[in-house]
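The report below treats the internal space, the symmetry and the domain arrangement of the model in turn.

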2 protein chains.
Amino acid sequence: MTLPAADIAEFLGAAKDLAASAAPVALRHFRRPLAVEAKVDTSPVTEADRETEAHLRAAIRARFPDHGIVGEEFGAEAQGAAFVWTLDPIDGTKSFLSGHPLWGTLIALSHRGRPILGVISMPALGEVMYGGPGLGCRLDGRPVQARPAPPLAEAFVMINELPRILAAHPAQAARLLAAGRFPRAAADCYSYLQFAAGWVDAVVDCGLQPYDWLAVLPLVEAAGGRITDWQGRPLGPESDGRVLAARPELHAELLACLA
Amino acid sequence: MTLPAADIAEFLGAAKDLAASAAPVALRHFRRPLAVEAKVDTSPVTEADRETEAHLRAAIRARFPDHGIVGEEFGAEAQGAAFVWTLDPIDGTKSFLSGHPLWGTLIALSHRGRPILGVISMPALGEVMYGGPGLGCRLDGRPVQARPAPPLAEAFVMINELPRILAAHPAQAARLLAAGRFPRAAADCYSYLQFAAGWVDAVVDCGLQPYDWLAVLPLVEAAGGRITDWQGRPLGPESDGRVLAARPELHAELLACLA
């Protein structure tokens, strides 16, 4: 089923409004003392996470009462609806907790399980990227796309979660660090924004949850990139959290590196 | 010899002026196509580096004609003068080249070899930190200091240049990654700004040149931190480029980890 263009335009406008209205909620807690709790998986949780997600959920419910919502902090509601919003209120909690500005709010909309638009909002930078299949990809309103892929030996590869990849996949980590012109230890959603804006050539990532990649996927694809797991399979609910994004030709070279 | 307070105040004001006037010079090239050259050490050099340093040198010569200047791009002039400015026009060239906003301009002033003030200017963020011994440390005009050190097991440790440390010092890298609550792969001068602002507990670094650490040292010390090499020796012209910054008690724990 193809969605009417008017609907998509309304959803995209709503997603941008959501990002803009949530930014000050998260920023209120940034660089201020806050209570850090340990979740089962030891990732830090903050009041900012919860307040931001609660704000986004209330805004979505008010505007689209028949849509579903899935969020990192408060689980799923109406997950069987045709349209489902997926929220990661603060992607990059470690950055947030250390005064580092590269944390973002991720907002995705799926239609019958297919991601149709995504938003990466960077409140501390005042930058926002949005788009999806058929919508293109825009950074602060300006159309952007991934740059032509160089050969791997010349590529600028962002290695997200390097400590985790080293621990869980040491052979692949060693090959990644030896490949590319500028292997770079990085983290979280900003690497994908850099890719879709045409500033870096690839992102390798590990340990992602669907709420981490659902907003990123439509942006990467709209910018001309390919995004899969480390075996080249499409990302889906069963994915193992390992992610590779690049232009198709470099994507193939990196798949070999990650095999 | 103690310097008159009026002189120090003038130098600090000048350093802030220098940082402010250099920011737009560097920003003109940020996120724009630029020619990347390979230096002997393969670090990328850009027109932005050279124009920013040339701008800073001209401004220093005009205001302090009898001062010496040492810079990353254009070497040393009057290095034997009582006062010597040390410049790193763009610390974080890889960030600069990849559209990533965490690159900075570093400005240090030494008197007879002793660093007396430092500036970390972050043009893409609009943030600036400045200070030195007896001057305190300020971020965007607000006094800041390092936070009380937690035990290492609870510490937020920034590991700069992790790929380089892994390659050159694998045993220490493994211990670092196993220590601390939030080991974090990071890079460049912003980690020190985070430390001096009280947002993280320690910075471990590798491969630094004097122009990388001369501006950072007075800020770390003014904020209450200790900064040495990995053996606990003071940083100096003979240092091997490995750097550790933390509050004294955590510094001692990390020295053991890096032994």
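The largest cavity holds about 270 Å³ of space; a cavity is a set of points on a 1 Å grid over the protein atoms alone where a 1.4 Å probe fits but cannot get out, and its volume is the space filled by probe spheres set on the points, joined across faces, edges and corners. Lining residues, those with an atom within 4 Å of a point, number 24, and H100(A), A185(A), H100(B), L102(B) and A185(B) are the closest to the centre. Two or more residues each come from β12 (184-186) and α6 (190-196) of chain A and from β12 (184-186) and α6 (190-196) of chain B; these elements are DSSP runs, helices (H or I) of at least four residues and strands (E) of at least two, numbered from the N terminus.

The model is predicted: local features need pLDDT of at least 70, side-chain atom pairs count only at pLDDT 80 or more, and totals for chains, interfaces and linings use all residues. Residues are numbered from 1 along each chain, chains are lettered from A, and side-chain values use heavy atoms, without hydrogens and water.

Chain A superposes on chain B by a rotation of 180 degrees with 0.0 Å of shift along the axis, at RMSD 0.0 Å, using least squares on C-alpha atoms of residues with pLDDT of at least 70 in both copies. The two copies are therefore related as by a two-fold rotation axis. A185(A) has the C-alpha of chain A nearest the axis, at 3.0 Å.

An automatic or database assignment gives the domain bounds, and the table summarises the pair in chain A.

| Domain of chain A | Range | Residues in the contact (heavy atoms within 4.5 Å) |
|---|---|---|
| Domain 1 | 5-143 | 29 residues |
| Domain 2 | 152-258 | 18 residues |

Their C-alpha centres lie 21 Å apart. Between them the domains bury about 1900 Å², 76% of it on carbon and sulfur atoms; buried area is the accessible area (1.4 Å probe) lost on putting two parts together, summed over both.

Terms used. On a 1 Å grid over the protein atoms alone, a cavity is a set of points where a 1.4 Å probe fits but cannot get out, and a pocket is an open set with protein on both sides within 12 Å along at least five of seven lines; lining residues have an atom within 4 Å of a point.
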